[in-house]
Amino acid sequence: MSQKVALVTGGTGGLGTAICRSLADGGFRVVAGYNAGGNHEKAKAWQEEQRKDGYDILVAYGDVTDGESCAACIRTVEEMTGSTVDVLVNNAGITRDGQFKKMSWEQWDEVLTANLDSMFHMTRLVINPMIEKGWGRVINISSVNAQKGQFGQCNYSAAKAGIHGFTKALAQEVARKGVTVNTVSPGYIKTAMVAKIAEEIQQQICSTIPVGRFGTPEEIGRMVSFLSEEESGYITGADMSVNGGLHMH
Ligand code: CAA
């Protein structure tokens, strides 16, 4: 049987890299979708780093906020791999934190477009081939802050909560076609996104995590990999928390 193809948006970032590696370990032909502000050299350098560590991961440019660019990305993936996408990990996301009373429309719009509209653009392009094949995995990366809300993140919490609504609706539509759709909700993970938070606020947040530390990207990669497995076919419409106990529900 030919190797299944997994596309990870935001694949060259902190969480994305660990997700790509974990899927590669699981036997998938992995493509890292990247935007990187159009910095193709940066993506090539990332690819070279992975190669040095023994990972053969393809890269494909795509701006997840733009439907045309997503379509071009999917065409690139299909040309490079000779296959349609079997596993889509909608991982690309951004933050523009600030209290709502001071939030600009731009801060709202950028976050909703990158984190939620992207679900439409990317998933719409891969869902029909998955249905036709009778097999597929859509894994959407949300956040603990969708589940519990977060001071300073009205935009992000709204977008990320929207993701799980999308997951649950789509999961019902494709359940009989061999396609599962799930959400993974990471807690605070050691990535550049969390490093942007002021040091004293990071410490304050860390003190509220029952496990007593931030998570590692590999701990998210492991969950994504698990959901992509053949044996996980009975898990659909679920929201898998990986948050060190920060929010239990
Ligand atoms: N609850 C209640 N009040 C809070 C608070 C909280 N959690 N945090 C701060 N405040 C209060 C402060 O006490 C202060 O009050 P006073 O004005 O009465 O002194 C006030 O809010 C701070 O006002 P600022 O003007 O300094 O705040 P700001 O509008 O500039 O925004 C912030 C501050 C950028 C939102 C900052 O609080 C922050 O970075 N918070 C953390 C946000 C966060 O967790 N982001 C997650 C990023 S990582 C990620 O998103 C990945 C993931 O999925 C988990």
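In this predicted model, the protein carries 23 positive and 27 negative side chains, and the centres of these two sets lie 3 Å apart. Its secondary structure comes to 9 helices and 7 strands. With a radius of gyration of 17 Å, close to the 18 Å that the globule rule gives for 249 residues, the protein is as compact as a globular protein of that length.

**Overall form and surface**

- Taken along the principal axes, the box that the C-alpha atoms of the protein fill is roughly 50 × 40 × 35 Å.
- Half of the chain is hidden in the sense used here, since 50% of the 249 residues of the protein count as buried.
- The accessible surface of the protein comes to about 11,900 Å², and carbon and sulfur atoms hold 52% of that surface.
- Among the contacts in the protein with a separation of 6 or more, 73% are accounted for by residues that stand 24 or more positions apart.

**Charged pairs**

- Side chains of opposite charge can pair when their charged atoms come close.
- The count of salt bridges in the protein comes to 6, and three of them are described below, including their places in the chain.

**Asp 53 and Arg 21**

- The side chains of Asp 53 and Arg 21 meet in a salt bridge, with a distance of 2.5 Å from N to O.
- Asp 53 lies in the loop between α2 (40-52) and β3 (58-61), while Arg 21 belongs to helix α1 (residues 14-25), so the pair ties together parts that are 32 residues apart in sequence.
- Arg 21 counts as partly exposed, at 22% relative accessibility.

**Glu 48 and Arg 51**

- A salt bridge joins the side chains of Glu 48 and Arg 51, at 3.3 Å from N to O.
- Because Glu 48 and Arg 51 are 3 residues apart in helix α2, they are separated by about one helical turn.
- Both side chains belong to partly exposed residues, Glu 48 having a relative accessible area of 36% and Arg 51 a relative accessibility of 43%.

**Glu 110 and Arg 96**

- The side chains of Glu 110 and Arg 96 also meet in a salt bridge, for which the N to O distance is 2.8 Å.
- This pair links distant parts of the chain, with Glu 110 in helix α4 (residues 105-133) and Arg 96 in the loop between β4 (87-90) and α4, 14 residues apart.
- Glu 110 counts as partly exposed at 35% relative accessibility, and Arg 96 likewise counts as partly exposed, at 31%.

How values were computed. Residues are numbered from 1 along each chain as its sequence is written. This is a predicted model: local features need pLDDT of at least 70, side-chain atom pairs count only at pLDDT 80 or more; totals for chains, interfaces and linings use all residues. Side-chain values use heavy atoms; hydrogens and water are left out. Helices (H or I, at least four residues) and strands (E, at least two) are DSSP runs, numbered from the N terminus. The radius of gyration is taken over C-alpha atoms; the globule rule is 2.2 Å times the number of residues to the power 0.38. Buried means under 20% relative accessible area, exposed over 50%, partly exposed in between (1.4 Å probe, protein chains only). Contact means heavy atoms within 4.5 Å. Accessible areas come from the Shrake-Rupley method with a 1.4 Å probe; for residues, only the protein chains shown count as cover. Lys and Arg count as positive and Asp and Glu as negative; His and the chain ends are not counted. The place of a charge is taken as NZ of Lys, CZ of Arg, CG of Asp or CD of Glu. A salt bridge is a side-chain nitrogen of Lys or Arg within 4 Å of a carboxyl oxygen of Asp or Glu.
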